[in-house]
Amino acid sequence: MKHILTSLILLVCLSVSAQITLVDNGKPASRIVVTDGTPVNQQAALLLQDFIQRISGAKLSIVTSTKHQSGDVIIGGHTDRAGEDGFLLKCHDNHMHIQSGGDKGAIYGVVTLLEQYLDVDYLTYETVHFPHLETITLPEIDRAETPAFRYRQTQSYGTEDPIYKMWFRLEEPNEMFIDNLWVHTFNRILPSDRFGKEHPEYYSFINGERRPGANSQWCLSNPAVFDAVVVQLDSIFAAHPDMKMISVSQSDGNGTQCSCPECRAIDEYEGSPSGNFIRFLNKLAEHYPDKEFSTLHYLFTMNPPKHTKPLPNVNIMLCDIDCKREVPLTDNATGQYFMKALEGWSKISNNIFVWDYGINFDNTVSPFPNFHILQKNIQTFKEHNVTMHFSQVNGIKGGDFSEMRAYMLGKLMWNPYLDADSLMTHFMDQYYGKASPYIYQYNKLMEGALLSSGIDLWIYDSPISHKNGMLNKHLIKRYNELFDKAEEAVANDPERLYHVRQSRLTLQYSELEIARTEPDGNKDQVVKLLELFDQRTREYGVKTLNERNNKPADYCQLYKKRFLPQEVKSKALGATVTYSSKPDLKYQPISDKALTDGLYGGTTYVESWVGWEGRDASFVLDLGEEKQFTRIETDFLHQLGAWILLPKGGQYKTSKDGQNWEDFGSFAFEEDRELTVKFVPGRSEVSTPATARYIKVDVQTLGLCPNWHYGVGHPAWFFLDEVEVY
């Protein structure tokens, strides 16, 4: 861990008379007394001892005792002035008391003491600022705090460091949920490979048949399912007697609920599939009154039931996955749809967990200027009976302001009413130093550009979606000017220069992505930028570019082969395309050019790709004149998370007149269950050159998503862009 040690000697106590002295001229003047040996209190004591020693060089002794001396820091005891994870700090009559409202309160009390009274600044797990002091005193203190949410989680990579995790008062699912059963648990509780063959009736009836599989839902109206689940839960609870909370929640996927007559009747009566789920969870909650059951409600189960109310020990985990992010949830149509659901749930439950999404999953290393909505959304959650909060920000190294995002979210989940802009500027001043004003300008300029563009910000966005908005060429030029000034300002400060350059990666990635859509751009400049991006992502340890674990090194290598202009051009470049089986409606506006424009789609299906849902594709390319060739290939997208699967295969035919056709060849795809996004060619090649003007392409759909996939029983998509002829 890197420590930036400030040389400034700070006067910690501004009061006229200090209550106690912890360190006097570099010598211990106090003890840390733990009133009992609980792990939380011991950890709190060790944390305080550690930082006192970092600040002063003096190591305070830790003793376990119920007897106190003047000047002791006493950790232990319960306070009624704070709730779960809360604490009381009381420095009075020559003693410093740190008492807990429950759970980790003592640890968080120590964190607050160090942060607010001893000027320790924990920014990231690699960046900690604290003063050098020979004498440490504490003023009179009487401070009680309770967090806004009883559970707080982000996905910051900083949580790898246990001190960082404690400092930002964060928790992980394995601490709260039995056996880490916290989302999408149906298949863990009733594994389909064990129960599916013998009991297909346990699983969803979709499109005419039962579909047991790793991502299938349960037939919740079937009493035998409840009995089978109870048997499984009995074993799980017996193995974890000291834990209380478990998730019994839907498999991933949308619209995959059971549609048997019994389940469908309940859905219709309740006005939402959530009613069937809540009925089932209520039965479990009644059967195990000493346990707490969390259950996901998102996509098809997001809206609350009309009639059934969840019992107090049923926790509603509500997810806002489909909402746009350029404005608060209260301010656009997608957010308002979610808000209607949240308001409905808050009328029937005081036990709500909100899973919020705050970053671009398809392009995590790209700009995502949503800092202006973080606080407002968290305040909204707090004001609607939300007691648990997970802000999923995919906080990878190299992501858009990952460190600052995690810093602000940690603070705001504890107290949503802090000043968010002050949190931002404080972080920037400490983390970027003299570069801070330029980074702040960059952030605010992009925020304004997003809002004025009228373009949505989405968690499956592409930088290309914003090339005429917040990432237009004039703004990118200005952004780079600001980063140039930022780098210049800290040129003699290696650590902060590192921070600036790491934060610049998202802009550089955006430039690369936009450049591949502009074939007339400066190739030498793009190559130079690509080499720099490759170098920096390796140097800074950036492991992935998106949720699907596509690595930066692979991206850079593929970019050279796929996106940079090649010496040999496809003979289908600019060919006219005529469809006999058109793509889905939303992809038709680009379909006349997208297959032969020489521009390849990226990892996000929202640009360049043309898609068909559950249908075959058929179209003809007119090359404009007869040409000779030996190879035809079509570029397909593999992106399982978006229900985009490779088709079964396809066939190519050729013709000189568009009337009489000859077989050229075919291709077929093996099933691929890897989550990594891929570009897969459907290729056919002959040894003797064919001569033709027209090429017919027929692609056979997979049909329905297989039982192992999230979209079990529903139509699978396939997407393609370029058809190439060589």
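**Reading strands, sheets and helix packing**

Author: In this predicted model, valine 34 stands opposite threonine 64 in strand S5.

Reader: In which sense do strand S4 and S5 pair, and over how many bridges?

Author: Strand S4, residues 31-34, is joined to S5 by four bridges in the parallel sense.

Reader: What is the strand order of the open sheet of six strands?

Author: One reads a sheet from one edge to the other, naming each strand in turn. Here the order is S5-S4-S6-S8-S7-S12, and the pairing is mixed. S5 (61-64) and S12 (141-145) form the edges; each has a single partner strand, so one side of each lacks a neighbour in the sheet. On average, and with direction ignored, neighbouring strands of this sheet are turned by 20 degrees against each other.

Reader: Which strands does helix H2 lie across?

Author: Helix H2, residues 105-117, lies across S6 (73-78), S7 (87-92), S8 (95-100) and S12. Its direction makes an angle of about 55 degrees with S7.

Reader: How should the pairing of strand S23 be read, and over how many bridges does S23 pair with S26?

Author: One takes each partner separately. S23 (residues 617-638) and S26 (residues 678-700) are antiparallel and share 17 bridges. With S21 (residues 576-581), S23 pairs over five bridges, again in the antiparallel sense; there, threonine 576 stands opposite aspartate 622 of S23. S27 (residues 717-725) also runs antiparallel to S23, joined to S23 by five bridges.

Reader: Which residues stand opposite phenylalanine 636 in S26 and in S27?

Author: Phenylalanine 636 faces valine 680 in S26 and leucine 720 in S27.

Reader: At what angle do helices H13 and H14 pack?

Author: For a helix pair, one considers the angle, the separation of the axes and the residues in contact. H13 (residues 420-432) packs on H14 (residues 436-453) at about 135 degrees, and their axes are 8 Å apart. H13 is therefore oblique to H14. The crossing of H13 past H14 is right-handed. H13 contributes Asp421, Met424, Thr425, Met428, Asp429 and Tyr432 to the contact, while H14 contributes Ser436, Ile439, Tyr440, Asn443 and Lys444. By class, these are five nonpolar, three polar and three charged residues.

Reader: How does the radius of gyration of the whole chain agree with that of a compact globule?

Author: One sets the value for the chain beside that expected for its length. For 726 residues, a compact globule would have a radius of gyration near 27 Å, and the 29 Å of the protein chain agrees with this. Along the principal axes, the C-alpha atoms fill a box of roughly 100 × 70 × 40 Å. The secondary structure of the chain comprises 19 helices and 27 strands.

Technical notes
Residues numbered from 1 in each chain as written. Predicted model: local features only at pLDDT ≥ 70, side-chain atom pairs only at ≥ 80, totals over all residues. Heavy atoms only, no water. Pairing = 2+ DSSP bridges. Helix = DSSP H or I, 4+ residues; strand = E, 2+ residues; numbered from the N terminus. Axes fitted to C-alpha atoms, helices over the stretch in contact; angles between N-to-C directions. Parallel < 35°, antiparallel > 145°, perpendicular 65-115°, else oblique. Left-handed = near helix turned anticlockwise from the far one by under 90°. Contact = heavy atoms within 4.5 Å. Nonpolar A, V, L, I, M, F, W, Y, C, P; charged D, E, K, R; others polar. Rg over C-alpha atoms; globule rule 2.2 N^0.38 Å.
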